[in-house]
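Colleague: Could you take me on a close look at one part of this model, starting from a single residue and its helix? Then carry on outward to whatever else is worth pointing at.

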Amino acid sequence: MKTESGSLNEVVDGLLRRATNPIVGVCGRDERRAVASVAARLTENVRVLLDPTISSDLDSLTEMHLSEDHVDVRVGPVGSLFVSGDDLLAVAEVAPRSVSAAVDTDDSEEFEQRWSEADCLETDKPSHSSLVAEAGDRLGAAAASAVDVSATELRGSGDPAGLLVWGGAASRSLWSDVVDVARETGLCSRGALQRRLSTLRDEQLVRTVPVDRDGPGGRPNRLEPRHDLPGEPPAAVLDALS
């Protein structure tokens with residue numbers, strides 16, 4: 001039996017990449033966000049089993065990661081963080097700053113049974129990748145980079161709607177185009193997006209600038225960053241949205 005240790009993301013990522021047809025069991029809220037982020041960025045199918053105690057109150061970013069087409073989420077009893085595959089079984093102990101996982105080459109019928117008896121988890125958020133793609137298509141590469149932030153960089157619960165507003169400012173997009181991205185992906189309402197804009201404006205991070213329009217109608221607003229801040233998005237934006 002071997003032991004893998006490191007950060008939560010590193011250990012989970014390494015185990016999921018090694019396992020064939022994996023199931024990852026999650027029973028802690030901090031683990032929930034990390035596992036969702038790692039699973040979303042993989043290309044192979046991943047089955048996620050959430051303990052009932054952490055299957056509700058998902059933050060928006062975690063729910064979007066779990067909405068990826070290749071991530072299948074169910075709710076059932078989980079005693080500890082584990083990764084089970086056809087040729088691997090790992091049970092992990094999670095400490096405040098590190099994770100240690102005992103890894104064996106045996107599979108486990110127990111976890112397959114838990115999975116088969118678990119209930120499906122329904123989500124109503126768009127997948128994270130679809131939001132990033134739509135932001136890139138409509139607003140440009142700078143907006144896509146702002147939205148595509150690793151969960152490990154976010155404070156608090158994370159805020160994809162706020163990141164979309166910042167992405168619109170970083171790409172100097174029209175406010176109406178930012179609203180269209182949120183509406184077409186099903187991310188949030190215009191009102192919810194407006195509240196994020198108000199927060200970033202109050203923090204002196206984003207401004208709206210009227211621009212000339214060809215043809216009838218009022219003058220549209222373009223979003224702009226108020227300062228040339230480092231990072232995509234910068235720490236000040238992440239703090240404001242936490």
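**Helix α1 and beyond**

Modeller: Asparagine 9 sits in helix α1; helices here are DSSP runs of H or I with at least four residues, strands are runs of E with at least two, and both are numbered from the N terminus. Before going on: this is a predicted model, and local features need pLDDT of at least 70, side-chain atom pairs count only at pLDDT 80 or more, while totals for chains, interfaces and linings use all residues. Residues are numbered from 1 along each chain as its sequence is written, and side-chain values use heavy atoms, with hydrogens and water left out.

Back to asparagine 9. Its relative accessibility is 23%, so asparagine 9 counts as partly exposed; buried means under 20% relative accessible area, exposed means over 50%, and partly exposed is in between, using a 1.4 Å probe and protein chains only. If you look for glycine 140, 131 residues away along the chain, its C-alpha atom is 29 Å from that of asparagine 9.

Now the helix itself. Helix α1 covers residues 8–18 and packs on helix α2, residues 29–41, with the axes 9 Å apart and an angle of about 50 degrees. α1 is therefore oblique to α2. For the record, axes are lines fitted to C-alpha atoms, for helices over the stretch in contact, and angles run from 0 to 180 degrees between N-to-C directions. Angles under 35 degrees count as roughly parallel, over 145 as roughly antiparallel, 65 to 115 as roughly perpendicular, and the rest as oblique. α1 and α2 make a right-handed crossing, meaning the near helix is turned clockwise from the far one by less than a right angle, with anticlockwise giving left-handed.

Asparagine 9 is part of that packing: Leu8, Asn9, Val12, Asp13 and Leu16 of α1 meet Asp30, Glu31, Ala34, Val35 and Val38 of α2, where contact means heavy atoms within 4.5 Å. By class, this contact has 6 nonpolar, 1 polar and 3 charged residues. Here Ala, Val, Leu, Ile, Met, Phe, Trp, Tyr, Cys and Pro count as nonpolar, Asp, Glu, Lys and Arg as charged, and the others, Gly among them, as polar.

Follow the chain out of α1 and you reach asparagine 21, in the loop between α1 and β2 (23–26). Most residues other than glycine have a negative phi. Asparagine 21, though not a glycine, has a positive phi of about 55 degrees. It is partly exposed, at 40% relative accessible area.

Asparagine 21 also leads to arginine 47, which touches Asn21, Pro22, Ile23, Val24, Asp72, Glu112 and Trp115, leaving aside residues up to four places away in sequence. Arginine 47 lies in strand β3, residues 46–50, and counts as buried because its relative accessibility is 12%. Its side chain makes a polar contact of 2.9 Å with that of glutamate 112. A polar contact is a pair of N or O atoms within 3.5 Å; within protein, one must be able to donate a hydrogen and the other to accept it, and residues adjacent in sequence count only if both atoms are side-chain atoms.

There's a second helix pair to set beside the first: α8 (residues 175–185) and α9 (residues 190–202), whose axes come within 10 Å and cross at roughly 130 degrees. They are therefore oblique to each other, and α8 passes α9 in a right-handed crossing. The meeting residues are Trp175, Val178, Val179 and Ala182 in α8 and Arg190, Leu193, Gln194 and Leu197 in α9.

Ahead of α8, the loop from α7 (160–170) holds serine 173, buried at 7% relative accessibility. The side chain of serine 173 has a polar contact of 2.7 Å with that of serine 171, and Val178 is among the residues serine 173 touches. Arginine 172, in that α7–α8 loop too, has a positive phi near 55 degrees.

Stepping back, the chain comes to 10 helices and 10 strands, and 50% of its 242 residues are buried.
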